[in-house]
Amino acid sequence: MSTEPRLAEVAEPEPAQQAAPGTDQAVKETLEDYTLRFAPHSYRRWTPMVVATTALGGIAYMADFSIGAGIGLAHGTGNALLAIAVAAVVIFVTGFPLAYYGARYNIDLDLITRGSGFGYFGSVLTSVIFASFTFIFFALEGSIMAQGLKLGLGLPLWLGYLVSTLMVIPLVIYGMTALSKLQVWTTPIWLLLMVGPLVYLVATDPGTVDRFLAYTGTDGDGGINTASVLLGAGVCLSLIAQIGEQIDYLRFMPPKTEANKRSWWTAVVMAGPGWVVLGALKQAIGVFLAVYIIAEVGASAAPEPIQQFKGAFDAMMPSWLVVPLAVLLVVISQIKINVTNAYSGSLAWTNSFTRVTRRYPGRMVFVLVNLGFALALMEADMFSFLNSILGFYSNCAIAWVVTVATDIGINKYVLKLSPHAPEFRRGMLYAVNPVGVFAFVAASGLSIAMYFHALGDTLQPYSPVAAAVIAFALTPLMAVVTKGRYYLRRADDGIAEPLLDEDGNPSAVTYECHVCRQQFERPDVAACRTHDAVVCSLCLSTDKVGDHVLPAGV
């Protein structure tokens with residue numbers, strides 16, 4: 001057992017001095033777990049495997065079971081399994097460069113996006129996409145929990161939606177430190193309740209496997225159909241933005257060295273793109289349980305995870321224990337993922353708002369905003385048209401993730417037109433970089449048009465493929481056309497100390513921000529325009545008149 005501290009046990013650094021007036025709230029909140037900024041070496045004191053374990057604890061959501069069930073019911077088992085596999089491959093391939101970059105340079109996906117083709121303000125577009133991901137999936141998980149509360153406690157759905165929304169607020173207030181504790185303590189219970197029924201059914205009734213493999217679906221004839229596979233894959237690909245939440249943990253990886261490189265790479269692959277392996281298995285289990293429920297109860301209940309696990313528990317334990325255990329599984333799963341959804345969504349909204357208005361309103365404001373959007377979706381009964389929502393959303397998510405992944409993999413490492421070292425600070429980046437913004441807008445716009453049949457019924461199933469292909473093609477093309485000139489507004493940040501140390505890791509040399517009087521490591525500061533001093537990235541973001549922002553230059 002590791003003796004290194006877990007994420008939940010890492011103490012935050014003591015502030016060097018009192019923050020300047022007007023910045024105390026922003027400093028206090030963002031130093032709790034370095035929200036909206038680079039995660040410094042002084043904070044990252046746990047092993048790679050501890051980070052990976054904590055990150056994987058956040059994917060305990062039940063949505064995968066609903067997604068798999070919905071695809072299986074519509075298109076049959078064969079098409080569903082192929083769709084799940086296709087989506088998993090795409091998610092793994094695109095997630096790998098993002099996970100590496102986040103872990104290597106200790107920045108979240110929004111900060112990565114800024115310097116990977118979008119620019120300082122251009123990435124606001126993708127922050128909104130990511131925020132939308134969090135409240136859509138919060139609403140989905142909240143709907144599943146409300147179904148559980150209705151079954152177990154008799155609560156009407158509207159009240160269950162409200163309960164599932166309000167109960168996460170106290171847990172989100174304290175940030176990722178509290179979230180990691182929750183993930184560590186609930187994961188063993190969740191695994192036992194999820195895996196136990198499946199193993200029991202397969203072991204005691206092998207016929208369930210035969211019925212599962214033979215199921216043809218309501219729209220299928222038992223054969224493999226390309227359109228059905230792609231339609232199903234499009235729904236699964238709505239989860240492609242989950243890599244953003246994985247990177248929220250991976251940014252706390254320790255520096256990569258010769259001594260830890262094997263465990264470092266293992267952790268990055270497991271907790272980064274590797275999350276989709278467990279996700280795909282859960283989707284396949286969702287198809288299996290849906291087919292089982294159809295045979296035992298009927299098709300109407302099959303897409304609901306609470307009914308899936310109630311049916312599975314019915315087969316293996318006394319009736320008085322069935323509903324409590326099914327409800328417990330659903331509630332634990334919902335809490336595990338929705339505190340992360342609420343937290344990550346609040347960061348995305350806050351990040352966008354701070355950049356656009358140059359004012360930091362406090363993260364809790366946007367926790368409530370995100371929860372408000374999610375509650376509205378639940379009360380509108382989003383669960384009944386789940387696949388349509390996810391199919392539409394996936395086009396935007398695919399276009400964004402593929403654009404950033406291509407910029408890192410191709411533009412940075414092959415064409416070398418995009419700066420290799422990450423950049424996210426105001427003043428160092430152009431407001432908008434046409435490379436990523438154009439590729440994203442074109443890919444998402446054309447794929448959404450295809451999804452809504454604007455280019456004909458034949459092409460409609462291919463919208464997720466179009467989003468990926470167009471983004472992958474246009475991102476390097478735009479870099480070549482613009483010759484990479486819109487990545488950096490200036491190359492010199494006015495500090496002689498290199499950004500990276502001799503091992504290629506972010507430098508741990510510290511500087512004091514002359515605005516908030518806090519100590520920050522080298523990658524999080526830049527020279528001040530009007531003072532012989534340095535300014536941290538958040539104070540640059542909230543500088544209303546630009547006194548501290550370096551001018552354009554070399």
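**Cavities, salt bridges and a buried glutamine**

In this predicted model, the second largest cavity is lined by Phe38, Tyr105, Ile107, Pro422, Glu423, Phe424, Arg425, Leu499, Leu500, Pro506 and Pro523. Sorted by class, this lining comprises nine nonpolar and two charged residues, with no polar ones. The space inside the second largest cavity comes to about 80 Å³. Two members of its lining, Glu423 and Arg425, also belong to a network of salt bridges that links them with Asp493 and Arg522.

In total, the structure contains five cavities of 30 Å³ or more. The largest of them encloses about 150 Å³ of space. Its lining is made up of 15 residues, and those nearest the centre are Asp108, Leu109, Asp110, Phe130 and Ala348. Here the classes are spread as six nonpolar, six polar and three charged residues. Four helices, H5 (109-118), H6 (124-153), H12 (242-250) and H16 (319-357), each provide at least two residues of the lining. The greatest share comes from H16, which contributes four residues.

Asp110, one of the residues nearest the centre of the largest cavity, also takes part in a salt bridge. Its partner is Arg114, and the closest N and O atoms are 3.3 Å apart. Both residues sit in helix H5, four residues apart, or about one turn of the helix. Aspartate 110 and arginine 114 are both buried.

This pair is one of eleven salt bridges in the structure. Another joins the side chains of arginine 211 and aspartate 205, at 3.5 Å from N to O. Arginine 211 is classed as partly exposed because its relative accessible area is 35%, and aspartate 205, at 29%, is likewise partly exposed. A further salt bridge pairs arginine 517 with glutamate 512, with 3.6 Å between the closest N and O atoms. Arginine 517 has a relative accessible area of 34% and so counts as partly exposed; glutamate 512 is also partly exposed, at 26%.

Glutamine 283 lies in helix H14, which covers residues 275-296. With a relative accessibility of 4%, it falls under the 20% cut-off and is therefore buried. Leaving aside residues up to four places away in sequence, glutamine 283 is in contact with Asp64, Gly68, Ile84, Cys236 and Leu239.

Helix H20 spans residues 463-482, 20 residues in all, and extends 27 Å from its first C-alpha to its last, close to the expected 28 Å. Just after this helix, lysine 483 adopts a positive phi of about 55°.

How values were computed
Residues numbered from 1 in each chain as written. Predicted model: local features only at pLDDT ≥ 70, side-chain atom pairs only at ≥ 80, totals over all residues. Heavy atoms only, no water. Expected span 1.5 Å × (residues − 1). 1 Å grid on protein atoms, 1.4 Å probe; cavity = no way out; pocket = protein on both sides within 12 Å on 5 of 7 lines; lining within 4 Å. Points joined across faces, edges and corners; volume = space filled by probe spheres on them. Nonpolar A, V, L, I, M, F, W, Y, C, P; charged D, E, K, R; others polar. Buried < 20%, exposed > 50% of the residue type's maximum accessible area, 1.4 Å probe, protein only. Contact = heavy atoms within 4.5 Å. Salt bridge = Lys/Arg side-chain N within 4 Å of Asp/Glu carboxyl O.
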